[in-house]
Structure formats: C-alpha cells, structure tokens
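Okay, shall we start? I'll put the structure up and then talk you through how the helices pack, plus a few residues I'd like you to look at.

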Amino acid sequence: MKETISTKIIKWFYDIHGPLDEYRRNELNRIGNNIAIFLLSINLLLSFIASLLMLNTNNSELTLDIVVSVLLLTVFASSGYILYETKRHHLTEIDVEAKQEGKTKQKFIKRAIGLGIYFAIVMYGLTILIDWLPNKGALIPLLTEPSTISSAIFSGLIYGLLMGTWEIHQIKSDPNDKKVTQNHLHQKYWLILFIIVITGLLLIHK
C-alpha cells in the first residue's frame, strides 16, 4: 500500500524508518497530544506574563527577550520529550539482519554527513543575515568573516555527529549473534570516544 503524504511527513518528523503500524501510530498520537497540551498551556501562560510585563514595565525589549527565550526552551523541551518517548517505546528502532548491519550504518553515516553540511550552510546564512540586518552595511566582509565560517563548520560537525550517532544506535539486530554482541560493545566504546571528542571540541570552541 502506497504511503500518503501525511504518513511520510509523520515518519520524517519522528524519524520513523520502518512501517507506520497501528502501535506506532497510536503512540505517536499520544506523544503529539501531550506536546499539544504542553505547548497550549505554555503559550497561554506566556501571553499572560508578557501582557503583565508590558503593562508594568513598558519595556518591549525585555518582554521580547523573555518571550523568545521561553519559546526556545519549549522547543528544546518538546524535542527532548519526543526523543525520550520514541526511544523508550522503541518507535525509531530499525530491525535489520546481522549481515545487513554494516550497509545500514554506512547509509546513515552518509546521511549524517549530508545533514551536517546542510546544517552548516543554514547556520552560515542565518549568522550573516542576523549580523547584516541591524546596520545593513557591506555584505562581502560578512561573507568572508573567519569566525562565521568556523562557527558554521563547527555547528555542522556537531549536528552531523549527533544525528549519525543517534540513528546508528537505533539499529537492532539479532542479540544472539556473537558478532552482533561484539558490535554493540564496539558501539559503546565509540560512544564514549564521541562524548570525549565533543567535550574537547566545545572547550576549544570556547
């Protein structure tokens, strides 16, 4: 049966690689409902707080900073909740045969590289736009600013590593296969190494 556009969007949004069966659809509906209730409550509370701030302080900049900060926090909180719930209920796991595990990992690594490049380009463009809009001065110096380029590359590298590591660890194969068990041990070692590398990069970037 051919998937509808809405099904493809849901699978893309929640990073579902397998078929969207009844169990997964019901769990995703539950997760989406919980997030909708959470966001609605936060938006109502945020609107009330923003109105009080404007009436009492008449400081539009402070109000905007608070609103934007809270909205960003709700986005991060919602994303974290989605990752936690999909992982806890095994919604994003990918069942593959032991002999196909290597090819599947290579596929996800290539995808992670592409996502990293895409994210770096987006961050590069957004940084230039944010720096250019206040004064609308010369654009060429902003395009060649070393800090902007390095920050975009760093952001793309981190995003690509995170996405690649996350998707690779969704792969599940036969746990009775000795080779697969060794692969899972190797993955744990690579995960530890990944955390160390990310920590070092963050310290260097600071």
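Before anything else, one bit of vocabulary: when I say contact, I mean heavy atoms within 4.5 Å. With that in hand, take Thr 7: setting aside neighbours within four places in sequence, Thr 7 is in contact with Leu 20 and Arg 25. I'll come back to that residue in a minute. And please keep in mind throughout that what's on the screen is a predicted model.

So, the overview. The protein chain has 7 helices and 2 strands. If you walk along the sequence, the pattern reads α-α-α-β-α-α-α-β-α. There are 206 residues in the chain, and buried ones make up 26% of them. The accessible surface comes to about 14600 Å², with 69% of that belonging to carbon and sulfur atoms. And for the contact-map people: among contacts between residues at least 6 apart in sequence, 70% join residues at least 24 apart.

Right, back to the N-terminal end. Thr 7 is found in helix H1. Is Thr 7 buried or exposed? Its relative accessibility is 11%, and the cut-off for buried is under 20%, so Thr 7 counts as buried. One of its contacts, remember, is Leu 20. Those two are 13 residues apart along the chain, and their C-alpha atoms are separated by 7.6 Å. Its other contact on that list, Arg 25, takes us to the packing of H1 with H2.

How do H1 and H2 pack? The angle is about 70°, and the axes are 12 Å apart. Anything from 65 to 115 degrees counts as roughly perpendicular, and H1 and H2 are therefore roughly perpendicular to each other. H1 passes H2 in a left-handed crossing. From the H1 side, the contact is made by Thr 7, Ile 10 and Tyr 14, and from the H2 side by Arg 25, Leu 28, Ile 31 and Gly 32. Sorted by class, that's 4 nonpolar, 2 polar and 1 charged residues.

Next pair along: H2, which is residues 22-57, and H3, residues 60-88. Here the axes come within 10 Å and cross at roughly 165°. Over 145 degrees is what we call roughly antiparallel, so that's the label for H2 and H3. The crossing is right-handed. In the contact of H2 with H3 you'll find 17 nonpolar, 7 polar and 2 charged residues.

Then there's H4 against H6. H4 covers residues 101-132 and H6 covers 146-168. Their axes come within 7 Å, crossing at roughly 150°, and that makes H4 roughly antiparallel to H6. H4 passes H6 in a right-handed crossing. By class, this contact has 14 nonpolar, 7 polar and 4 charged residues.

If you want a single pair of residues to find on the screen, try Leu 161 and Ala 112. They're 49 residues apart in sequence, but 6.9 Å apart in space, C-alpha to C-alpha. Leu 161 sits in helix H6. At 30% relative accessibility, Leu 161 counts as partly exposed.

Okay, last topic: loops, and a couple of backbone angles. Where is Asp 15? In the loop between helix H1, residues 5-14, and H2. Its phi is near 60°, a positive value in a residue other than glycine. Asp 15 is buried, with a relative accessible area of 13%. And who does Asp 15 touch, leaving out its neighbours within four places in sequence? The list is Thr 92, Arg 111, Trp 166 and Glu 167.

His 90 has a positive phi too, near 55°, and again we're looking at a residue other than glycine. His 90 is in the loop between H3 and strand S1, which is residues 94-95. His 90 counts as partly exposed, at 48% relative accessibility.

That's my tour. To recap the helix pairs: H1 and H2 roughly perpendicular, H2 and H3 roughly antiparallel, and H4 and H6 roughly antiparallel. Okay, over to you for questions.

Methods: Residues are numbered from 1 along each chain as its sequence is written. This is a predicted model: local features need pLDDT of at least 70, side-chain atom pairs count only at pLDDT 80 or more; totals for chains, interfaces and linings use all residues. Side-chain values use heavy atoms; hydrogens and water are left out. Axes are lines fitted to C-alpha atoms, for helices over the stretch in contact, and angles run from 0 to 180 degrees between N-to-C directions. Helices (H or I, at least four residues) and strands (E, at least two) are DSSP runs, numbered from the N terminus. Angles under 35 degrees count as roughly parallel, over 145 as roughly antiparallel, 65 to 115 as roughly perpendicular and the rest as oblique. A crossing is left-handed if the near helix is turned anticlockwise from the far one by less than a right angle, and right-handed if clockwise. Ala, Val, Leu, Ile, Met, Phe, Trp, Tyr, Cys and Pro count as nonpolar, Asp, Glu, Lys and Arg as charged, and the others, Gly among them, as polar. Buried means under 20% relative accessible area, exposed over 50%, partly exposed in between (1.4 Å probe, protein chains only). Accessible areas come from the Shrake-Rupley method with a 1.4 Å probe; for residues, only the protein chains shown count as cover.
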